[in-house]
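Reader: I should like a close look at a single part of this model. Please describe one helix in its surroundings, in one connected account.

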Amino acid sequence: MSRHSQSLANWQALSDQLPESCVRIASYNVHGCRGTDGRKDAARIAAVIRELECDTVGLQEVDYRLDYIARRVDLHAVPGLTLVRHDGPFGNALLTRRKVLDVRRLALGYGRREPRNALDVDLDVCGQKLRVIVTHLGLFAPERRWQVRQLIELVRETQERLVVLGDINEWFPFSRPLRWVDRSFPSRFPLLALDRVWVRPRPALLALKAHRSPLAARASDHLPVKAIVATEALRWDPYALSKDADTHEGKFPIYAGRRAS
């Protein structure tokens with residue numbers, strides 16, 4: 001069995017033993033549906049999302065094909081698009097099977113830089129509220145620092161369970177923006193990770209891994225990052241399953257999203 005197949009089996013074993021109150025959630029920068037082969041193919045993006053087997057997916061760099069993708073994967077689309085280009089809208093979005101309670105959009109534009117935002121959505125997960133924020137931060141270092149401050153202020157008083165996911169555009173794990181977020185969402189970070197998932201409270205994060213299928217490696221220049229998040233207290237042994245290098249290794253998982261090479 002290949003390492004990828006074994007990894008999927010381990011992830012599925014974990015997912016199968018957890019209740020519906022655990023959210024299977026992912027972050028995916030679809031790069032305007034343009035793959036590493038230069039071909040635009042929204043059906044291929046939809047196929048990768050189906051591979052994830054997640055009930056909620058935050059998208060970045062999605063365009064007018066959002067509704068098409070949502071139909072292909074049978075998920076409800078919540079748009080948070082930030083740009084209107086010659087070929088239509090472009091930006092963030094959330095796909096979900098959960099009930100949407102409320103939607104907010106935070107403008108994160110910085111000076112004359114490309115417009116950015118955060119899509120802030122409350123979901124009903126088996127009677128529990130889960131707040132999910134999808135974002136894509138800027139390329140300019142001062143811009144990212146300002147945007148991270150805005151996000152931290154936005155969630156400072158949040159009492160409900162919270163997931164922040166997106167393309168953070170930070171290569172260096174000890175940069176100031178990541179250190180600031182680290183204080184609010186304690187975790188370890190790998191090198192060269194652009195796509196991230198933060199969860200609060202920290203024990204609610206049950207597993208996290210990059211989805212490294214052959215199709216995902218072609219469909220976009222980013223790999224999806226997926227997580228399992230508990231919305232209620234659980235009694236279970238996270239070490240009873242196999243020691244998948246992406247999900248356990250004898251400890252709680254670390255953030256592992258990377259660009260596809």
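Author: In this predicted model, helix H2, which spans residues 42-52, is mostly covered, with 8 of its 11 residues buried. The buried positions are Ala-42, Arg-44, Ile-45, Ala-46, Ala-47, Val-48, Ile-49 and Leu-52. At the start of the helix, Asp-41 places a side-chain oxygen within 3.1 Å of the backbone nitrogen of Ala-43. Beyond H2 comes Glu-53, which has a positive phi, near 55°.

The surroundings of the helix include the largest nonpolar core, which has 27 residues; Tyr-28, Ile-45, Ile-49, Val-57, Leu-59, Ile-69 and Leu-95 touch the most other members. At least two residues of this core come from each of strand E1 (22-29), H2, E2, helix H3 (66-73), strand E4 (88-96) and helix H6 (214-219). H2 provides the largest share, 7 residues.

Leu-95 is in contact with Ile-49, and also with Asp-55, Thr-56, Val-57, Leu-59, Leu-66, Ile-69, Ala-70, Val-73, Leu-75, His-76 and Ala-77, when neighbours within four places in sequence are left aside. Apart from this core lies another, of 21 residues, among them Val-23, Ile-25, Leu-165 and Leu-205.

One of the contacts of Leu-95, Thr-56, belongs to strand E2, residues 56-62. Thr-56 counts as buried because its relative accessibility is 0%. The side chain of Thr-56 makes a polar contact of 2.8 Å with that of Asp-55. Not counting residues up to four places away in sequence, Thr-56 touches Val-23, Arg-24, Ile-25, Ala-26, Leu-94, Leu-95, Thr-96, Arg-98 and Leu-123.

Methods: Residues are numbered from 1 along each chain as its sequence is written. This is a predicted model: local features need pLDDT of at least 70, side-chain atom pairs count only at pLDDT 80 or more; totals for chains, interfaces and linings use all residues. Side-chain values use heavy atoms; hydrogens and water are left out. Buried means under 20% relative accessible area, exposed over 50%, partly exposed in between (1.4 Å probe, protein chains only). Helices (H or I, at least four residues) and strands (E, at least two) are DSSP runs, numbered from the N terminus. A polar contact is a pair of N or O atoms within 3.5 Å; within protein, one must be able to donate a hydrogen and the other to accept it, and residues adjacent in sequence count only if both atoms are side-chain atoms. Contact means heavy atoms within 4.5 Å. A nonpolar core is a set of buried Ala, Val, Leu, Ile, Met, Phe, Trp, Tyr and Cys residues joined through side-chain atoms within 4.5 Å.
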